[in-house]
Amino acid sequence: MKIMKRFLDCTASDFENMKKKELLEAISASEGRVLVCETIGILQPMLGDVTNAEFVASMGADMILLNMFDVNHPVIQGLPKTEDREVIRKIKQLTGRPVGINLEPLEQGKESSVETNEMWKLSGGRVATLENAKTAVEMGVDFIVLTGNPGIGVTNAAITDTLKLYREHLGEQVVLIAGKMHASGILSECGEHILTEADVRAFAEAGADIILLPAPGTVPGITMEYVRSLVVCAHSLGKMTLTAIGTSQEGADTDTIKEIALMCKMTGTDLHHLGDAGYGGMLCLKIFWNTERLSVESAIPITVWPFPSEDRGR
């Protein structure tokens with residue numbers, strides 16, 4: 001019988017050979033200490049000719065999520081010249097991490113209730129169609145996240161229908177993560193209505209491997225206790241959960257980041273997500289890593305970097 005490594009003990013060569021089932025088992029075995037960091041490839045990298053994906057990997061990201069990634073016109077600033085169909089595999093080669101993308105499901109007749117920045121405008125290669133998902137799998141993605149960017153108008157019903165389609169046609173080829181970090185322009189699904197226990201059950205039944213939930217304190221009405229109830233529900237259905245910071249708190253002060261990290265831990269979640277607001281997700285990653293890892297694994301004082309000098313070398 002093959003014994004699966006914890007995700008935390010895996011190397012790049014381990015990830016290279018992992019199938020979906022093995023990846024999920026490795027995550028589960030890490031007992032709530034896997035960090036997912038989101039980056040936007042079309043943005044200018046912080047380190048010039050080094051991709052932001054490489055940067056977050058160097059800061060402790062375990063899994064890399066590419067937002068606003070168009071499978072028909074892939075752009076990752078800082079990446080060496082690479083054929084379009086090899087972009088994902090190149091990122092995986094450079095980072096040694098599992099890599100996934102967001103795809104955004106749309107419901108016929110449903111539109112966003114709010115106007116949003118032109119930057120978020122949905123392109124054809126970001127829509128959660130079956131064709132785009134198949135292209136993403138062919139490009140080498142390890143996971144697909146069905147969710148919605150600000151003002152796109154993604155509903156939970158659209159996520160459920162897309163999960164059913166992907167489960168039927170993609171089977172065991174890719175990990176499916178589903179949920180919302182914010183309303184995505186659907187005001188009837190805001191606050192505590194972003195995700196309910198009924199939604200968790202619908203996603204699980206439709207084929208989600210991991211349920212995405214707003215992290216406690218990131219959305220009005222989303223308390224630690226509320227998220228804990230959803231995590232318990234997902235776990236009872238045999239599904240893992242990912243608590244997500246997708247509403248700019250990734251750019252908050254050190255104490256706020258630590259508090260959110262600890263609340264996420266107390267919910268019992270399996271993965272922790274840091275969003276892509278500005279460069280905040282990258283800058284707070286080390287704080288989150290220290291809070292989730294060193295605080296439970298090491299007796300040495302927590303060192304927070306790269307923040308102001310009063311936070312360094314404690």
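Start by selecting Cys 264, which is buried at 1% relative accessibility. Keep in mind as you click around that this is a predicted model. Next, add Cys 233 to the selection: this cysteine is buried too, with a relative accessible area of 4%. If you are wondering about sulfur links, a search of the whole structure finds zero disulfides.

**On to strand β7**

Now select residues 240-245, which form strand β7. How many of its six residues are buried? Six of the six are, so the strand is mostly covered, given that buried means under 20% relative accessible area. Show the side chains and look at where they go: Met 240, Leu 242 and Ala 244 point one way, while Thr 241, Thr 243 and Ile 245 point the other way. In a regular strand the side chains alternate between the two faces of the sheet.

**The neighbours of β7**

Bring in strand β6, residues 210-214, which runs parallel to β7 and is joined to it by five bridges. To get from β6 to β7, the chain passes through helix α8 (residues 224-236), and this β-α-β crossover is right-handed. Zoom in on Leu 212, and you will find Leu 242 of β7 standing opposite.

Leu 242 is also a good pivot for the next step, since this residue stands opposite Leu 271 in β8. Select residues 271-274 to see β8 as a whole; four bridges join this strand to β7, and the two run parallel. Then colour helix α9 (residues 254-267), which together with β7 and β8 makes a right-handed β-α-β unit.

**A helix with a buried side**

Jump to helix α4, residues 87-95, and pick out Val 87, Ile 88, Ile 91 and Thr 95, which are buried. Why do they sit on the same side of α4? They cover an arc of only 100 degrees around the axis. An α-helix has 3.6 residues a turn, so residues three or four places apart point the same way.

What do these buried residues pack against? Display α3 (52-58), β2 (63-67), β3 (99-103) and α5 (130-139), and you have the partners. Just after α4 comes Gly 96, with a positive phi near 70 degrees.

**Last stop: Ala 202**

Finally, select helix α7, residues 197-206, and centre on Ala 202. Ala 202 is partly exposed, with a relative accessible area of 26%. Draw a distance from its C-alpha atom to that of Asn 156: the separation is 9.1 Å, although the two residues are 46 residues apart along the chain.

Notes
Residues numbered from 1 in each chain as written. Predicted model: local features only at pLDDT ≥ 70, side-chain atom pairs only at ≥ 80, totals over all residues. Heavy atoms only, no water. Buried < 20%, exposed > 50% of the residue type's maximum accessible area, 1.4 Å probe, protein only. Disulfide = S-S within 2.5 Å. Arc of directions from axis to C-beta. Contact = heavy atoms within 4.5 Å. Pairing = 2+ DSSP bridges. Right-handed = clockwise from strand over helix to strand, strands pointing away.
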